[in-house]
Structures are given as structure tokens and as C-alpha cells.
Amino acid sequence: MTRAEKLPPEAGGADTLCEAIRQAAAAEAPGVAYSIDIEVLSPSMLSARVTLADGRALPEQRHAVMDRTLTRSSIQRFATALAAELAKSQSR
């Protein structure tokens, strides 16, 4: 994760973000092998680059909160969106 120090305390930190992604991916895309490079662009914006085990790169995913900084619930929404992209990648 790049620039994790930009995560606001109410978001729970880098470990919280990584765990949310792991849990969402396990629920939505079990067995899919992937790596994710997360970048915290600002206290209200995240970016993710997902690479599948076979080398395919999924489109970059961005998540922004417009009226405040990231929170645990916005982190969860981002994790859920990433997991949905992982699941969709198996049908491509």
C-alpha cells in the first residue's frame, strides 16, 4: 500500500483496509488468486490496481468520498466493489 499515512484514523488504517478486501474477495470470488496495489491518493480517495494470478490486469478502480474523509463504511464499499470486479473477471 502506498501512502497509507494519508488514511484518516476513522477509516481504521491500512490493516483494516486490507482485511476488508480479503474478506470481501473470499466471499464474492472464492479461489481467485490476485494481488492488489492500493494507493491512498488523499484522505477521501483510494485507487487500486488489481492483477490476477494469470497476469491479467483489471481496470484501475477508484473510490472517492465527496463530502467527508474515508470511513470504515466507505472502506467496506471499496472492498465490496473490488471483490465484485474479481468475481466478474472469472467470466471473461
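## A tour of the sheet and its two helices

Select His63 in strand S3 to begin, and then Leu46, whose bridge partner in S3 is this same His63. What is on screen is a predicted model, in which local features need pLDDT of at least 70 and side-chain atom pairs count only at pLDDT 80 or more, while totals for chains, interfaces and linings use all residues. Residues are numbered from 1 along each chain as its sequence is written, and side-chain values use heavy atoms, with hydrogens and water left out.

**The sheet**

Staying with strands S2 (residues 45-52) and S3, follow their antiparallel pairing over four bridges; here two strands pair if DSSP finds at least two bridges between them. Helices (H or I, at least four residues) and strands (E, at least two) are DSSP runs, numbered from the N terminus. On this pair, Ala48 has Gln61 of S3 as its bridge partner, and Met45 stands opposite Ala64 in S3.

Next, colour S3 by face: Gln61 and His63 form its covered face, whereas Arg62 and Ala64 form the uncovered one. In a regular strand the side chains alternate between the two faces of the sheet.

Now add S1 and look at its pairing with S2, which is antiparallel and runs over eight bridges. A hairpin joins S1 to S2 through two residues. Two pairs to select here are Ser42 with its bridge partner Met45 in S2, and Tyr34 with its bridge partner Leu52, also in S2.

With the three strands shown together, the sheet is open, its order is S1-S2-S3 and its pairing is antiparallel. Strand S1 (34-42) and strand S3 (61-64) stand at the edges with a single partner strand each, so one side of each is left without a neighbour in the sheet. From one strand to the next, the twist averages 20°.

**Thr51 in strand S2**

Select Thr51, which is found in strand S2. Is this residue buried or exposed? Thr51 is partly exposed, with a relative accessible area of 31%, on a scale where buried means under 20% relative accessible area, exposed over 50% and partly exposed in between (1.4 Å probe, protein chains only). Leaving aside its neighbours within four places in sequence, Thr51 is in contact with Tyr34, Ser35, Arg56 and Ala57, where contact means heavy atoms within 4.5 Å. For a distance towards another part of the chain, take the C-alpha atoms of Thr51 and Ala24, which are 27 residues apart along the chain and separated by 16 Å.

**The helices**

Turn on helix H1 (residues 13-28), which lies across S1 and S2 and runs at about 140° to S1. Axes are lines fitted to C-alpha atoms, for helices over the stretch in contact, and angles run from 0 to 180 degrees between N-to-C directions. Helix H2 (residues 72-89) lies across S1, S2 and S3, running at about 25° to S2.

With both helices displayed, the axes of H1 and H2 come within 8 Å and cross at roughly 40°. That makes H1 oblique to H2, since angles under 35 degrees count as roughly parallel, over 145 as roughly antiparallel, 65 to 115 as roughly perpendicular and the rest as oblique. To inspect the contact, select residues of H1 including Thr16, Leu17, Ala20 and Ile21, together with residues of H2 including Ile75, Phe78, Ala79 and Leu82. By class, the contact of H1 with H2 has 12 nonpolar, three polar and two charged residues.

**Two further stops**

Move to Leu58, in the loop between S2 and S3. Leu58 is buried, with a relative accessible area of 9%. Leu58 and Leu86 are 28 residues apart in sequence and 8.3 Å apart in space, C-alpha to C-alpha.

Finish at Arg3, in the segment before H1. Arg3 has a positive phi of about 60° although it is not a glycine, and at 35% relative accessibility Arg3 counts as partly exposed.

Methods: Ala, Val, Leu, Ile, Met, Phe, Trp, Tyr, Cys and Pro count as nonpolar, Asp, Glu, Lys and Arg as charged, and the others, Gly among them, as polar.
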